[in-house]
Amino acid sequence: MRQFVTATALFLVMSQAALAADPEACGTVRMAEPGWNDLALTTGTAAVILKSLGYEVESDILGLPVIYQSLAGKDLDVFLGYWDPAMVTYAAAYEKDGSVERIHVNLEGAKYTFGVPDYVYDAGVHDFADLQKFADQFDKKMYGIEAGSNTLMFDAIADKAFGLDGWEVVESSESGMLAQVARAIERKDFIVFQAWAPHPMNTTFPIQYLTGGDKQYGPNFGAATVSTQVRKGYVAECPNVGRLLNNLTFTIDFENKGMGYMMTDGMDPRDAAKRILTETPDVLPTWLDGVTTLDGKPGLDAVRVALGL
């Protein structure tokens, strides 16, 4: 009888261990984003779901070079914001040596290239090659985002085909750049800036995207996908988080709406994520398919409870 009890107890312990979705070392998920609103929202969304599943989430704002160095050095686990092809120059070496792994396309239909206000476009600036014709009106300046994130702008200036010798990239931040765009539009000043979708700038401002940047940004206005990257071996080490990351797929509408809550209503990224998740709960069954809580309970149920659904 004692042997039966011992065997039963052992079976229960083993069963409980089998239910545990990830080892204890996976209990904290380390993420980062470069301070862009779209990636703040998607990172915040992942954090809300992971917290609901019983994980702790650490999230930092870092420059792109630091993000990749940290993934390679195993100081970070997850990055949801690899824009392809715009970030090839940042990630190529790390993906080549295997220290950073690309696991899933989490957004399609994105674009990323130079933008100008409608009135600048109407004046004749349709293409990168048109910029030099209006150099004085632009004051030979183009407006970028955080330092370290504007390599493609510098590449365009260095490209002799565009005749942009002497032009300057004004680096600040996403919010700083957009404030400059807003001031320029109010005064009808000429401005060229880093533009992309998804982003509320596409509905907030009357803007057009420029052709001609295929060499730097890729064709079709820098048509892009956004992918999830992890440090080497992470999905094998933490398969439950890995399953979630491979399920997590966003849409342009989801991101535009969520970023609108952040930028117009001043919401924190995680609060904006909670709001849009409660408004679009139909995404949850797909995202949480096969995903459990950290201690092995049904993940979808836990997230619905946490969101008050």
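Tutor: Before we start on this predicted model, note that contact here means heavy atoms within 4.5 Å.

Student: With that in hand, which residues of α4 are met by Leu64, Pro65, Tyr68, Gln69 and Ala72 in α3?

Tutor: Helix α3 covers residues 64–72 and helix α4 covers residues 88–97. The residues of their contact divide into seven nonpolar, one polar and no charged. On the α4 side, the residues that meet those of α3 are Tyr90, Ala91 and Tyr94.

Student: Are α3 and α4 roughly parallel or roughly antiparallel?

Tutor: The two helices pack with their axes 10 Å apart and at an angle of about 10°. Angles under 35 degrees count as roughly parallel, and therefore the relation of α3 to α4 is roughly parallel.

Student: Is Asn106 buried or exposed?

Tutor: Asn106 belongs to strand β4, which runs over residues 100–117, and among the residues it touches are Val226, Leu248 and Phe250. The cut-off for the buried class is under 20% relative accessible area. Because its relative accessibility is 1%, Asn106 counts as buried.

Student: With which side chain does the side chain of Asn106 make a polar contact?

Tutor: A polar atom of the Asn106 side chain lies 3.0 Å from the backbone oxygen of Leu80, but that partner is a backbone atom. The side-chain partner, at 2.9 Å, is Thr228.

Student: Over which residues is the pLDDT below 50?

Tutor: The mean pLDDT of the protein is 92, with 94% of its residues at 70 or more. Where pLDDT is low, the predicted coordinates should not be read in detail. The stretch with pLDDT below 50, which has two contacts beyond near neighbours in sequence, is residues 1–19.

Technical notes: Residues are numbered from 1 along each chain as its sequence is written. This is a predicted model: local features need pLDDT of at least 70, side-chain atom pairs count only at pLDDT 80 or more; totals for chains, interfaces and linings use all residues. Side-chain values use heavy atoms; hydrogens and water are left out. pLDDT is the predictor's confidence in each residue, from 0 to 100. Helices (H or I, at least four residues) and strands (E, at least two) are DSSP runs, numbered from the N terminus. Buried means under 20% relative accessible area, exposed over 50%, partly exposed in between (1.4 Å probe, protein chains only). A polar contact is a pair of N or O atoms within 3.5 Å; within protein, one must be able to donate a hydrogen and the other to accept it, and residues adjacent in sequence count only if both atoms are side-chain atoms. Axes are lines fitted to C-alpha atoms, for helices over the stretch in contact, and angles run from 0 to 180 degrees between N-to-C directions. Angles under 35 degrees count as roughly parallel, over 145 as roughly antiparallel, 65 to 115 as roughly perpendicular and the rest as oblique. Ala, Val, Leu, Ile, Met, Phe, Trp, Tyr, Cys and Pro count as nonpolar, Asp, Glu, Lys and Arg as charged, and the others, Gly among them, as polar. Lists of a residue's contacts leave out its neighbours within four places in sequence.
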